[in-house]
Structure formats: structure tokens, C-alpha cells
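Today I'm opening a new structure and jotting down what I look up, one topic at a time.

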Amino acid sequence: DSAAAGKDSGSSSLPELSLAHAAMEQYGHSLRVKETLHKAFWDSLKEQLSASPPDYTHVIQLLQEIKENILSLLLPRHSRLRNQIEEALDMELIRQEAEHGALDIPNLTMYILGTMAMLCAPVRDEEVQRLRGVTDPVQLLREIFRVLDLMKMDMVNFTIQSLRPHLQDHSVQYEQKKFQELLAQLPSDLDHTTEWLHKAAAEVSASSLSSPSHPEVHGSPAPLLLGAVSRSSATASPMSVLNQGYMNLLRWDTALSMPTEGSDLSLQTLLMDQVRLQEIQLQVNQLTVIAAVLLVSSSVCGSTLFSSPGFVDRLKRVTKALLEGLPHTRFQAALLDISNQVHQEVSESLLQLGYPAFTSDKSASLKGQIRSIAEEDNAVRSVIEQRIHSFLSLHLSPSAQNSRSLPKGLAPIQEELLEVGHRFGSVIHHNRQVYGPYYLAILKKVLLPEAEPEAGIDSF
């Protein structure tokens, strides 16, 4: 039966695949047709302007479109500028000038460029200025349309940025409403989320008991800095527990398992963020290995070779390429290839710089130390992982997301780490906004099991 079901499932997928393939072919065909029509239009325009006397039919159409595009960029308060544009680009007057062969295209385009310069974002100033040097009228009109499209996109982005706070508020309310509807259909309530927070609370509590002056959880001290354990009692703060739970999502042994049909959801409150968190976790794991490989290589190769121009970038590029797209369960095999490639890069660099080649023992040491990074108790990887998590924990607080202070040994991956930190902070901030009330209700029971429901904890 299962085989038959699989066969039926596969058969039912074939028409969908065929439709998708046909759609892609149709899309490609449409693009080719569009490109052909555009080229034909501009070729026709060139012929019209080269005729004697010139034919301004297409030019008038283009000027009308340019005028409409410029007017669409104006804000309601630009009434005076709107009147000026209507007067300078009076289409009826332009048609009369064209009929009498007196249409001054250079003068019109200079006015258009001047208006564009007033309206464009600073990032477009250089492009608009460059258009002033274009003498071919056909090429100039074509470029004006291109830059106007960019300006319209700038306006859309500006509008989105202005509306972003309102859109985010609406998104939070919408997700909360939909999640409440989903929650009513779940037989298990929020038991997985409760278990996740129970574990985080136990870790925070154990850490505070083992090291009260410097709280630390499995090598990740920074999450507790954002919501320290209370000094007046043994009760952890809700923020410290929630932050610890978020940081646990980045561990190598943490599985954000995707839900399957008919099964309970794993961490119900992370359902909407699972894919992004999995991508971040993969990036963090890869950056951990890259930084560990570079640290080991630096230790074995010495500062002279490691400081040679381009050497670190080459090692980083090789390592990153061999890890691309791999889950951490396949890092052991990847590190075998990485060790060989790094050794090859080292050997070639030594030869180019005129240094003696590594002895067989030193070569074996370099390869062995790189391969051992995959081991669960590898000290180098553990230190790098702790430092990366420490840095990323700062991004759990919106006020700290601009931090660029990197722990020692992470400079080679600074750019990538800052990007990951920003993504991680954005996902967590939104998740906390949406599901904060649910987390708070759970943490009241976890942290104050004997207290009255209304007592003890009111907010993060």
C-alpha cells in the first residue's frame, strides 16, 4: 500500500512539474519577446530622429511618460513644483513645436535632468550628473528611463522604511491572532515550548550556583548578562531564562526539527521562525569551523607566513567553499578535504616566499589538528564556539545590536559574524514580541511554581 501510495504521489507530481517547466519556458519566452520589442522601439526612435525632417511621434510619447514618472515622485506638498513641471512639459505645446519642426529636445532633457537632480536620493546624484554628458538623444532618453526606475524604487523603499514600525506592529498582532487559533487545535498545548524553557531555567540556575560571581552556562556566559539571576533569591529572571533558551538554539546538538503532518509541533512558538533559525545555526556552525581552522593554521604556520598578503583570505576561501551547504554532521568528512587543501596552500605559499617546506611531522601536525576540529570535545572549536555565542548573545538586546567589538580570534570572520548577529537579533526580537505573553505565562509556572498566578512576574 505504501509503495502504491508513493507511486500515486509521484505520478500526481508529474503534471505539476510539467506545468512548472512549461511556466518557466513561457516566462523565458516572454522575457525574450519583451527585450526584442524594446530594442525594436529604440531602433525605430533612432530612425525617426534621423529622418529628414525628423519624426517626433515616439519622442512625444516618451516625454509624456517621463513627465508622468516625475510627477509620481512628488509629494502632496510639492504643489508649486508640480505646476512648474506642468508648464515646462506642456504636452500640447510640445506637440505644436514638433509639428513645426521646432522641438528643442536638448533643452527639454536638460530641464528633465535638473528636475531629477532635485528629486533624487543622494545615492543617485552621480548617475543623474553623468547623464548630462550623454549627447546621443536616443541613448539619453533610454538612460533617463533607467534612472527614473531607480528613483521610483528609492521612493518605494523610503515609503516601506517609513511604514515599517506600523507594518511590524500589524505583523505582531496578526501572528498572535493566528497562533491563538492554531493553539486551540493543538492537543499538546505548549508542552514542547515549556520543556525548552524548563531546560533553560535549569541551566541558568545551575550556572548561578556553580559560579555566582561570573554566571556561565556551558561556555556561553553572555546571555545571562542581559537578564541576570536575582541576587536576593535563587529565582532567575525571566529574561535570562528566555535568552538562554534562544542561545541554546545555536548549539551543535540542538535540532530544530521540522513538524510533520499528524505529529506534534516541535517548539510551537518557533514554527514561523524555524527555517531562518536553521539557516542561522548552519552559518554559525560553519563560521565556528572556519575560525577554528584559521586559528589552528596560525598556530602551526607562525605569524610570518600568516601575515603574508592574501594568505588568510585564501585559507578562508578554501575552507568556506568546502563547507558550503553542509550540515554539521558532515563536517568530519569536509575537514579531511580542508586539511589537505590548507596544507597545499601553505606549501605553495612557503615556496613562493622562499621559505623551507614543512617537515613531514609538521605537515602531519597541521592536518591532524585541523581534522580534530570535528571532534566533540575539541578545545579549539569549543573556545571559538564560546566566543561566537558570546558575541551573538549581545544581539538579543535591541540596544546592543550595533556592537562591533569582537572577541579575540574572530577578526577574520568579522564581516560574516556581524551579518549573522544582525539576522539573529532581528528574528529573536520579532519572536519575543509575538510570543512574549506566552513565554511569560510559562515562566511564571516554571520559576514560581508555588506562587499565585498573578504574583511575582509581570514582564520581561
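**Entry 1: the overview**

How many helices and how many strands does the protein chain have? I count 16 helices and zero strands. Before going further, a reminder to myself: this is a predicted model. The protein chain has 460 residues, and 40% of them count as buried. I also checked the contacts with a separation of 6 or more: 66% of them are between residues 24 or more positions apart.

**Entry 2: the nonpolar cores**

Next I went looking for nonpolar cores. The largest one holds 70 residues, and Val346, Ile388, Leu392 and Phe424 have the most contacts inside it. Which helix gives the largest share of this core? It's helix H16, residues 414-447, with 14 residues. Apart from this core lies another, of 37 residues, including Tyr56, Leu103, Phe145 and Leu148.

I then picked Leu392 for a look at its partners. Setting aside neighbours within four places in sequence, Leu392 is in contact with Leu250, Val284, Leu417, Val420, Gly421 and Phe424.

**Entry 3: H10 against H15**

Leu392 turns up again where two helices meet, so I'm citing the whole contact here: Val284, Leu287, Thr288, Ala291, Ala292, Leu295 and Val296 in H10 meet Val380, Arg381, Ile384, Glu385, Ile388, His389 and Leu392 in H15. H15 covers residues 379-393, and its axis is 9 Å from that of H10, at an angle of about 130°. Are these two helices roughly antiparallel or oblique? They count as oblique, because the angle isn't over 145 degrees. I noted the crossing of H10 and H15 as right-handed.

**Entry 4: H12 against H13**

Here's another packed pair: helix H12 (residues 311-323) and helix H13 (residues 331-353). Their axes are 9 Å apart, and the angle is about 155°. That angle is over 145 degrees, which means H12 is roughly antiparallel to H13. The crossing of H12 and H13 is right-handed.

Which residues make the contact? From H12 I wrote down Phe311, Arg314, Leu315, Val318, Thr319, Leu322 and Leu323. From H13 I have Phe331, Ala334, Asp337, Ile338, Gln341, Val342, Glu345, Val346 and Ser349. Val346 was already in my notes, as one of the residues with the most contacts inside the largest nonpolar core.

**Entry 5: H2 against H4**

Helix H2 runs over residues 57-72, and its axis comes within 11 Å of the H4 axis, crossing at roughly 160°. H2 and H4 are therefore roughly antiparallel to each other. H2 passes H4 in a right-handed crossing. Ile60, Leu63, Gln64 and Lys67 of H2 make the contact with Met91, Ile94, Arg95 and Ala98 of H4.

While I was at H2, I checked the loop between helix H1 (2-50) and H2, where Pro53 sits. A cis peptide bond joins Ser52 and Pro53, with omega at about 0°.

**Entry 6: two aspartates, two loops**

I wanted to compare notes on Asp273 and Asp104.

Asp273 is in the loop between helix H9 (238-248) and helix H10 (274-301). Is Asp273 buried or exposed? Asp273 has a relative accessible area of 2%; buried means under 20%, so Asp273 is buried. Not counting residues up to four places away in sequence, Asp273 touches Val427 and Asn431. With Asn431 there's a polar contact too: the two side chains are joined at 3.0 Å.

Asp104 is in the loop between helix H4 (91-99) and helix H5 (105-119). Its relative accessibility is 40%, which lies between the 20% and 50% cut-offs, so Asp104 counts as partly exposed. What does the side chain of Asp104 reach? The side chain reaches the backbone nitrogen of Asn107, at 3.2 Å. I also looked up the C-alpha atoms of Asp104 and Ile94: they are separated by 9.0 Å, and the two residues are ten apart along the chain.

**Entry 7: H9 and a serine**

Back to H9, the helix before the loop of Asp273. How many of its residues are buried? Eleven of its eleven residues are, among them Pro238, Val241, Tyr246 and Asn248.

Last lookup: Ser363, in helix H14 (residues 360-371). Ser363 has a relative accessible area of 11%, which is under 20%, so Ser363 is buried. Leaving aside neighbours within four places in sequence, Ser363 is in contact with His343 and Phe358.

Terms used: Residues numbered from 1 in each chain as written. Predicted model: local features only at pLDDT ≥ 70, side-chain atom pairs only at ≥ 80, totals over all residues. Heavy atoms only, no water. Core = buried A, V, L, I, M, F, W, Y, C linked by side-chain atoms within 4.5 Å. Buried < 20%, exposed > 50% of the residue type's maximum accessible area, 1.4 Å probe, protein only. Helix = DSSP H or I, 4+ residues; strand = E, 2+ residues; numbered from the N terminus. Contact = heavy atoms within 4.5 Å. Polar contact = N/O pair within 3.5 Å; in protein donor to acceptor, adjacent residues only side chain to side chain. Axes fitted to C-alpha atoms, helices over the stretch in contact; angles between N-to-C directions. Parallel < 35°, antiparallel > 145°, perpendicular 65-115°, else oblique. Left-handed = near helix turned anticlockwise from the far one by under 90°.
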